[in-house]
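These are my notebook entries on one structure, written down in the order in which I looked things up.

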Amino acid sequence: MDFLTLIQVLDSTVRLATPLLLACLAGLFSERAGIFDIGLEGKMLMAAFFSAAVAATTGNVWLGLLAGIASSLVLSGLHGLASITFRGNQLISGVAINFLAAGMTVLIAQDWFQQGGRTPSLFSGGRFEPINLPFADALADVPVLGPIYSELLSGHSVLVYLAFLAVPATAWILFGTRFGLRLRAVGENPAAVDTAGVSVVGLRYAAVMICGLLCGIAGAYLATALQAGFVKDMTAGRGFIALAALIFAKWRPWHALGACLLFGLLQAVALRFQNIEIGTFVIPVQMMDALPYILTVVILAGFVGKAVPPKAGGEPYVKER
Amino acid sequence: MDKMPKWADVVLIPLISLILAAILSALVILGIGEDPIAAVNLMVSGALGSTYGWGYTLYYATNFLFTGLAVSVAFHARLFNIGGEGQAMLGGLGVALVCLYIPWPHWSLALIFASLGAAVFGAAWAAIPAYLQAKRGSHIVITTIMFNFIAAAVLNYVLVNLLRPEGSMDPATARFPEAVHLPSLHEILAPIGIEFSKAAPANVSFLVAVAACIAVWLLIWRTKLGYEIRAYGNSEYGALYAGISPVKITMVAMLISGGLAGMMATNNVMGEAERLVLNSTEGAGFIGIAVALMGRSHPFGVFLAAILFGFLYQGGAELALWTSIPRELIVVIQALVILFTGALDNMVRGPLERIFLALRRGKV
């Protein structure tokens, strides 16, 4: 593999890792507060549809982004209602949200656009355009550093940079602020937080809403930046890979960045090279497709360091009387 | 604790949840500019109005019976098996291998061994997540989801590279030989004078599924193993003190669950398609979750719920055929059923408990 191919693979790694990273951080907030969320996939899908639909109708991608976030927040609210207020089973609620999104997006898309469950293709104003960092063109010819700067770092949409900035922001919010301390505490020992006079319900709703916000951005990125428009089931399991990355990262923001880049790289390689030959042995493309999931199972099994989820995760909090 | 009579818990709550889901579904149909009453009429006549419609309804119901039972058995041990889809896919592989490589003299013999093959493959696919849950404490929900994706990749690989007949572009196996074709309900009912549509895919596996219902009922409520599974599901620590091994129960419950999910393949692979194709399960593994939740994990409830979902599936297909409502409407209805019967359970139960409490106080 020559240098240019490497740069190109890394470039698409960044693009493919972005939605994973946003969804992974979304799950991070939710699960740190003790609310399991396997509905990341559904929220992303819903946001992808509404962002594309609104961007296609208004021609304004920012309105699309807002619509995507709003739709994702609605699903988050539903998850909160089911799992916080009514203390229902968080996993079942997540499953329901995934189905709801898969069905509703196609249903509404068909009703609005009559194009077999997709939105019209998005043109210039309806898409997030690549941003060229300063001097990217001028530096392109500089050996080694030139391509890295102009190809790999420059030329992504604003949401990519936003996603990468979200990592230090998440780390700071969780580990540097009072809100973050309480949020983490509510995922470990909600009773203690309650005793301290802080609202468990309020904190959990806040976490679930932040999760919705980030999933919304992730979905909008899929439909308005990575691709030009919404197609049926376009998230294609990314929500679950993000969940896998979250476990891989052991619920820590910087590790999440690493895990998402790794899974992004796997996807990029699988996209670019169909069957990989190593000597006489051929790795089939299906193996590459399955690798993130296999890795997750291996990590979950505790063979590569133990992943310990937040203690109160998945348990509804019942205030003692 | 005993605020409500048992019948209210078992019948009333699912019924109210179902009505809520139906009302919201009607609103969704209204929202996309269609008439819900006309839609229901079309669904009923399309799914139940002819033996052709019934044939499809029962065919889908057969799939959901197997996956619904699979989810329920695991549920009794408080294990949430979302891997029915993958287990059913692998079950299809088991069926295909049995049907393609062994020359069967008669379909009945083939069905027995194909069921076994399907169950073994499905159970094997559930065994790894089960083992990891039992021994290494990894979360069964996440691992079974992962195993769905891995199953899709495995099946893709096997069909494209190993089982595809030479010269064929389709990622599918060859057609099964004539001898293993399962009799359809038409062929079963014709000798006793009942005219049943020839074109519908419902077949003898429906009877196998009903038998599986009875077997699961016997297992869960009439055997020691079933008692242990329920005891473990009710209280892990209680079961531990009673000398019930959590590892054994987790493994056994998941193996049975995976086996049942795998057996679905006798219906869709052996009974209908008569060859193994990519995505042969068509989401039936996931619908099993809704079916089990609605049926309260009781085989009879699962039976009713499976018929209901069979009706929804066939009715939805008719809707898609005759109106501009896409098939995805059933996915929405399914989501609402899962939401109300599974996640928002307490929303219905809370007020209902208060009503019963008030009634009881009124009596005293």
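**Nonpolar patch on chain A**

I began with the nonpolar patch and noted that H1(A), which supplies three residues, gives the most to it. The model I am reading is predicted, so I take every value below as computed from that prediction. I then listed the members of this surface patch, which are Phe3(A), Leu6(A), Leu10(A), Val144(A), Leu262(A) and Leu265(A), and I noted about 430 Å² of accessible area for them together. Looking at where they come from, I found that helix H1 (3-32) and helix H12 (253-272) of chain A each supply at least two residues of the patch.

I picked out Leu262(A), which sits in helix H12 of chain A, and asked myself how exposed this residue is. Leu262(A) has a relative accessible area of 31%, and therefore counts as partly exposed; patch members need over 30%.

**Cysteines**

How many disulfides does the structure hold over all chains? I found zero. For Cys260(A), which is in no disulfide, I looked up the nearest cysteine sulfur, and that of Cys24(A) is 4.0 Å away. A disulfide requires the two sulfur atoms to be within 2.5 Å, so I did not record a bond there. I also asked whether Cys260(A) is buried or exposed, and wrote down that Cys260(A) counts as buried because its relative accessibility is 1%. In the other chain I checked Cys99(B), which counts as buried at 0% relative accessibility.

**Ile19 of chain B**

Next I turned to Ile19(B), which I located in helix H1 of chain B, a helix covering residues 6-31. Its relative accessible area is 47%, so I entered Ile19(B) as partly exposed. I also looked up its separation from Ile229(B): the two residues are 210 apart in sequence, and their C-alpha atoms are 32 Å apart in space.

**Between the chains**

I finished with chain A and chain B, where 41 residues of chain A are in contact with 43 residues of chain B. I noted that the two chains bury about 3,500 Å² between them, and that 82% of this area is on carbon and sulfur atoms. Which side chains meet in a salt bridge? The count between chain A and chain B is one salt bridge, and I found the side chains of Lys232(A) and Glu328(B) meeting in such a bridge, with an N to O distance of 2.9 Å.

Conventions:
Residues are numbered from 1 along each chain as its sequence is written. Chains are lettered from A and ligands numbered from 1 in the order in which they are written. This is a predicted model: local features need pLDDT of at least 70, side-chain atom pairs count only at pLDDT 80 or more; totals for chains, interfaces and linings use all residues. Side-chain values use heavy atoms; hydrogens and water are left out. Patches are made of residues with over 30% relative accessible area and no salt bridge: like charges are joined within 9 Å, nonpolar side chains (Val, Leu, Ile, Met, Phe, Trp, Tyr) within 5 Å. Accessible areas come from the Shrake-Rupley method with a 1.4 Å probe; for residues, only the protein chains shown count as cover. A salt bridge is a side-chain nitrogen of Lys or Arg within 4 Å of a carboxyl oxygen of Asp or Glu. Helices (H or I, at least four residues) and strands (E, at least two) are DSSP runs, numbered from the N terminus. Buried means under 20% relative accessible area, exposed over 50%, partly exposed in between (1.4 Å probe, protein chains only). Contact means heavy atoms within 4.5 Å. Buried area is the accessible area (1.4 Å probe) that two parts lose on being put together, summed over both.
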